[in-house]
Amino acid sequence: MILCAAAGVFLWCSCRCGIHRKIGSSEYYYYRYGFIDRDKNGLVYDRDAWWYLKDGRVDMAYRGLAENSRGRWRIRNGTVDFSYEGFVCDPGGWWYVSGGKVRENFTGLAYGRVKTDLTGGFYGRNLPGSPALFDADAP
């Protein structure tokens, strides 16, 4: 417990900082000085995990890519999915992801499945800093 001042009145409150479940809810929010910080967006590290926030709330439904100072990452269920290996699509195109991170400098061939109307796998070819190009034929 710490002493907090609100509107000139001193009262006792607990200092909540970081990711916490909102009381009376199943949702998790980012707290700063005991209040939900609705301006917080993007990736935040807390309690041994990277969390994806939108308007201060952990967005458990988001599936896609998010960026921080260490690169772009595949997000699933509100956290970075470090186990993911394959391709992810975003508005910039398809990207090769390994260990949950977009491998922008990967230049080899990687085999993986992509969601299309076609069945089977595709070989993705990456050029540094560019989206993957796909070919249904094996090299």
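This report walks through a predicted model of one protein, from its overall build to selected residues.

**Overall build**

The protein contains zero helices and 17 strands, and 38% of its 139 residues count as buried. When contacts between residues at least 6 apart in sequence are considered, 25% of them join residues that are at least 24 apart.

**The nonpolar core**

The largest nonpolar core is made of seven residues, namely I19, Y30, V44, A49, W51, L53 and V58. The element that gives the most to this core is strand 7, which covers residues 49-54 and supplies three residues. One of the core members, V58, can be followed further: leaving aside neighbours within four places in sequence, V58 is in contact with I19, Y28, W51, Y52, L53 and G78.

Just before strand 7 comes a residue with another setting, since D48 has its place in the loop between strand 6 (42-46) and strand 7. D48 counts as exposed because its relative accessible area of 72% is over the 50% cut-off. The side chain of D48 makes a polar contact of 3.4 Å with the side chain of Y45.

**R74 and its surroundings**

R74 is found in strand 10, which spans residues 71-76. Is R74 buried or exposed? R74 counts as buried, because its relative accessibility is 10% and the cut-off for a buried residue is under 20%. The side chain of R74 makes a polar contact with the side chain of D81, at 2.9 Å. Not counting residues up to four places away in sequence, R74 touches R63, G64, L65, T79, V80, D81, Y84, V88, V97 and G100, so the polar partner D81 also appears in this list of touching residues.

**Y96 and its partner**

Y96 lies in strand 13, which runs over residues 93-98, and Y96 counts as buried because its relative accessibility is 9%. A polar contact of 2.4 Å joins the side chain of Y96 to that of E85. Y96 can also be compared with T107, which is 11 residues away in sequence and 9.9 Å away in space, taken from C-alpha to C-alpha.

The side-chain polar contacts described so far are collected here.

| Side chain | Partner side chain | Distance |
|---|---|---|
| R74 | D81 | 2.9 Å |
| Y96 | E85 | 2.4 Å |
| D48 | Y45 | 3.4 Å |

**Aromatic rings and charges**

The count of aromatic pairs in the model comes to four. One of them is formed by W73 and F82, whose rings lie 5.7 Å apart from centre to centre with 70° between the planes, an arrangement that counts as edge-to-face. The two partners fall into separate accessibility classes: W73 counts as buried because its relative accessibility is 13%, whereas F82 counts as partly exposed because its value is 46%.

Charged side chains also lie over rings in this model. K22 is placed over the face of Y29, at 5.6 Å from the ring centre, and R72 is placed over the face of W95, at 4.3 Å from the ring centre.

**Cysteines**

How many disulfides does the model hold? The count comes to zero disulfides. As for two of the cysteines, C17 counts as partly exposed because its relative accessibility is 40%, and C89 counts as partly exposed because its relative accessibility is 43%.

**Backbone angles in two loops**

Most residues other than glycine have a negative phi, so a positive value in such a residue deserves a remark. Y33 is not a glycine and yet has a positive phi of about 55°. Y33 has its place in the loop between strand 4 (28-32) and strand 5 (35-36), and it counts as exposed because its relative accessible area is 59%.

N77 likewise is a residue other than glycine with a positive phi, near 55°. N77 lies in the loop between strand 10 and strand 11 (79-80). With a relative accessibility of 45%, N77 counts as partly exposed, because this value falls between the 20% and 50% cut-offs.

Methods
Residues numbered from 1 in each chain as written. Predicted model: local features only at pLDDT ≥ 70, side-chain atom pairs only at ≥ 80, totals over all residues. Heavy atoms only, no water. Phe/Tyr/Trp six-rings, centres within 6.5 Å; stacked < 30°, edge-to-face > 60°. Buried < 20%, exposed > 50% of the residue type's maximum accessible area, 1.4 Å probe, protein only. Lys NZ or Arg CZ within 6 Å of the ring centre and 35° of its normal. Helix = DSSP H or I, 4+ residues; strand = E, 2+ residues; numbered from the N terminus. Polar contact = N/O pair within 3.5 Å; in protein donor to acceptor, adjacent residues only side chain to side chain. Contact = heavy atoms within 4.5 Å. Core = buried A, V, L, I, M, F, W, Y, C linked by side-chain atoms within 4.5 Å. Disulfide = S-S within 2.5 Å.
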